[in-house]
Structure formats: structure tokens, C-alpha cells
Amino acid sequence: MKKMTLMNPGPVNVTDRVRDAQLRGDLCHREPEFSDLMGSIRKKLLQAFDIEKEYSAILITGSGTAALEMAVSSCLTPDRSMLVIQNGVYGNRIGKMADVYRMSKHIINYNWGEIPRLEEVEQALKENSSIEVIAMVHHETTTGLLNPLPEIALLAKQYDKRLVVDCISSLGGDKINFGQYPIDFAVGTANKCIHGLPGVSFVLHRKKDLSRIKDIPARSVYFDLAEHLKVQEQGDTLFTPAIQAHYALNAALEELLEETVDRRIERYRKIAEGLRKGFKEIGLDFLIPESHRSNCLTALKLPNGLSYDWLHDKLKKNGFIIYAGQGLFNKKIFRIANMGNIEDEKFDFCLKVLKECVTKIRE
Ligand SMILES: *Cc1c(COP(=O)(O)O)cnc(C)c1O
């Protein structure tokens, strides 16, 4: 297969070191070697984000949505309700989970790409004392919008609410200040800005919240966070994990610790800046104002007369995978992510091909 540069928001290109780690050998998950591997991953995750004292990492086999479902299904006391902030596909997914588990919920719904208004969040908290949990997406990958996490986390603190954050596409790529504002459940996955391979995802859970969730009756067998945490603390695992994806994640975390999260974020920021300068020069229009864009993905309006499929195929012929708009934005926007292990010169070449495509349409 031709080597492709993945400019979709995960899975990402990985280094040879991460890819080769998968071949470390066949292993039974009930043996001490797996226990050590799992312990090492859980520890490295906390080290990377400098939250060793306050948090526990809980791993789950499955894509990012598995970890999200583990957090959402395990976080709410029966008879209490969840406030879900929605402004894209992933916020809606949290709402859908709450429905499937028949949780009582309040929704604050915005147009996709619209910035949530804090006074509306605060008003919902004031009006509904049953709310126990606020759930939100940090980087809404649908649009590339960075939601106001620090501000909402401070509201959660002020009103003594628990906070669930889908940081799946931002952990490692955009700053999350765990020390300054409390997140009770931060959800992440191996195969985005952490630079691992698909198959394992995780929740970073605030230890302070443990006694509360222990008392919540399980709503699911596979996604029971308290149960996963209990057995993982004992060095064991509930079910058969994706062992090779764990090998890869461990290697990816070694690389992340060597680079440090702060430096990776800065690297992503610079790459995004360079790409956006290029997009502007080509004359492309951005979906999200500069002040609210993440470091990891740019959503661009599809120029008149340019079909997404044609653009996608042209870029693919040149070795680049880009991403379509979802749902309402299908055929209206396209997305270019800058996550993963990509050499700098690839970005310049991608801009060159993109320019040729757009110029051709304008001729
Ligand atoms: C990628 C992503 C997910 C999870 O998607 P999976 O396909 O399950 O890995 C969830 N939320 C956000 C914001 C994402 O970007």
C-alpha cells in the first residue's frame, strides 16, 4: 500500500518505533508481563499531563467512543441529571449516550461552530438543582472549534458540579490546565494527538470523585468505570484487551514524555499557524474565527464549483488524506488536521497541491 500522509483527525501517522512496538510478541493478558505493560501506560499517561497525585488512568479496549461511553455511563447518580453542551457531532454523541442510558438530561444546543455562552450555562445550573454533571467536548472536531473549557470548568467548580470532558482530539495537542481547573473525567484516545494506534482509549479520573462513583449502580457490563479501575489497580483487566495496541501506546507515551506535552502543543500550534497562512494565501475561507481555532484541525469552506470528492481524490493521488464535513456540513466544508507524526515538508507539499486544485477551479 502506498504510504499516505493522514491529515484526517485520527487515526494518525505514527513513528516506526510505535509501529514496530506492536511486534513485541504474543502475550496473555493474565500474565505479569501484561500487568507491567498496563501499569506502565497508566503511569505514563498521568506523568505526561503532570497529574500523578490527583488522577487515576483507566484504560479500555475500543475507539475513543468506548472511553467516552465508559465515562458518561458511569458518572451520574440515579435521580440526578446531566447538563450536556452541544455544538457539533461529538457533543450530540454525549447527548445520545445519555438517552440510551435513560439519564435525565438538560441540553444546551448551539449551531455547529457556535461558541457556547457562559451565561446560558450558568442559568441552566441555577435553574436546575438536579444537575450533578456537566458534559462537554473540548475540541469539537466537527468544526475545529475549541470550546471554552477553562470558563466552564470554573462554573462547574463554583456550582459544585462534576465535569466530564471529551478531550479525545485535544489531549496532547491543545493546552488543558489540569492544575488550574478541575476536570473529573477527561476522556482521551491513543490514536490522535498521543500518536498511538487505534484500539485503546482511556479516562483520566479525579481521585477525589472515586467514593461517589463507587456507589453508582452499574449501567453497563463492558463500560463500568469503577469496576475497570478496581481491577486495573490490582494489575488485572476485566476483559481481553487489544494487547498490540497497548504495546504501541506505551511506545507513543515514551515519545510523548521525551518530547513533553507542552512542547508537542507548541509544535502543533506552529504547524497549524503555517498551514493557515498557506490556506489564507490560497484564498480559502475559514469556518471558525482565529481566536477559537484548535491547534489540531482547520475547517475550510469548500470554494464554489469545487467538489469535495474531486478535491479528496486529487490530494489522495498526491499522497494526502483529507476529511469531509459531517452531517450539516457535508459538501460545505472540508477539514485538514495536523495530528500525528508528519514531516514538515509534507505540509508545504500539501499546500502546493491544494493551491493547484483551487486555482484550477478559478480558471
Ligand atoms: C475522534 C473523536 C471521538 C471518538 O471517535 P472514535 O471513532 O470512537 O475514536 C470522540 N470525540 C471527539 C471530539 C473526537 O474527535
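**Entry 1: Val133**

I started at Val133, which touches Cys75, Leu76, Ser81, Met82, Leu83, Arg162 and Val164, leaving aside residues up to four places away in sequence. A reminder to myself before going on: this is a predicted model. I looked up where Val133 sits and found it in strand β5, residues 131–137. Buried or exposed? Val133 has 0% relative accessibility, so I put it down as buried. I also checked Val133 against Val84: they are 49 residues apart in sequence, yet 8.5 Å apart in space, C-alpha to C-alpha.

**Entry 2: domains**

Next I pulled up the domain assignment, which gives domain 1 as 16–259 and domain 2 as 260–362. I noted 27 Å between the C-alpha centres of domain 1 and domain 2. For the contacts, I have 28 residues of domain 1 meeting 26 residues of domain 2.

**Entry 3: cores**

Which residues have the most contacts inside the largest nonpolar core? I get Phe49, Leu163, Phe178, Ile183 and Leu204, in a core of 61 residues. Helix α9 gives the largest share of this core, 9 residues. Why does this core lie between the domains? Domain 1 (16–259) and domain 2 (260–362) both give residues to it, so it lies between them.

I picked Leu163 for a closer look. Setting aside residues up to four places away in sequence, Leu163 touches Ile134, Met136, Leu149, Ala153, Ala156, Pro182, Ile183, Asp184 and Phe185. There is also a second, separate core of 37 residues, and I jotted down that Ile60, Ile94, Phe223 and Ala299 are included in it.

**Entry 4: helix α2**

I ran a quick length check on α2, residues 32–48. With 17 residues at 1.5 Å a residue, the helix should span 24 Å, and its end C-alpha atoms are indeed 24 Å apart, so the two agree. Which residues of α2 are buried? My list reads Phe34, Leu37, Met38, Ile41, Arg42, Lys44, Leu45, Leu46 and Ala48; I noticed Arg42 and Lys44 in there. What do the buried residues of α2 pack against? I found β2 (55–61), β10 (200–206), α8 (225–233), α9 (243–259) and α10 (261–282). Just after α2, I flagged Asp50 for its positive phi of about 55°.

**Entry 5: the largest pocket**

I then went looking for open space. The largest pocket comes out at about 410 Å³. It is lined by 25 residues, and those closest to its centre are Phe49, Asp50, Ile51, Phe178 and Gly179. I had already met Asp50 as the residue with positive phi just after α2, and Phe49 and Phe178 as well-connected members of the largest core, being among those with the most contacts inside it. Both α9 and α10 supply at least two residues of the pocket lining. The largest share of that lining, 3 residues, belongs to α10.

**Entry 6: the largest cavity**

How many cavities of 30 Å³ or more does the structure hold? I count 1. About 110 Å³ of space lies in the largest cavity. Its lining has 13 residues, with Leu59, Ile60, Thr61, Thr237 and Pro241 closest to the centre. Ile60 was already in my notes as part of the second core. β2 and α8 each put at least two residues into the cavity lining, and β2 has the largest share, 3 residues. Both β2 and α8 were also on my list of elements that the buried residues of α2 pack against.

Methods
Residues numbered from 1 in each chain as written. Predicted model: local features only at pLDDT ≥ 70, side-chain atom pairs only at ≥ 80, totals over all residues. Heavy atoms only, no water. Helix = DSSP H or I, 4+ residues; strand = E, 2+ residues; numbered from the N terminus. Expected span 1.5 Å × (residues − 1). Buried < 20%, exposed > 50% of the residue type's maximum accessible area, 1.4 Å probe, protein only. Contact = heavy atoms within 4.5 Å. Core = buried A, V, L, I, M, F, W, Y, C linked by side-chain atoms within 4.5 Å. Domains from an automatic or database assignment. 1 Å grid on protein atoms, 1.4 Å probe; cavity = no way out; pocket = protein on both sides within 12 Å on 5 of 7 lines; lining within 4 Å. Points joined across faces, edges and corners; volume = space filled by probe spheres on them.
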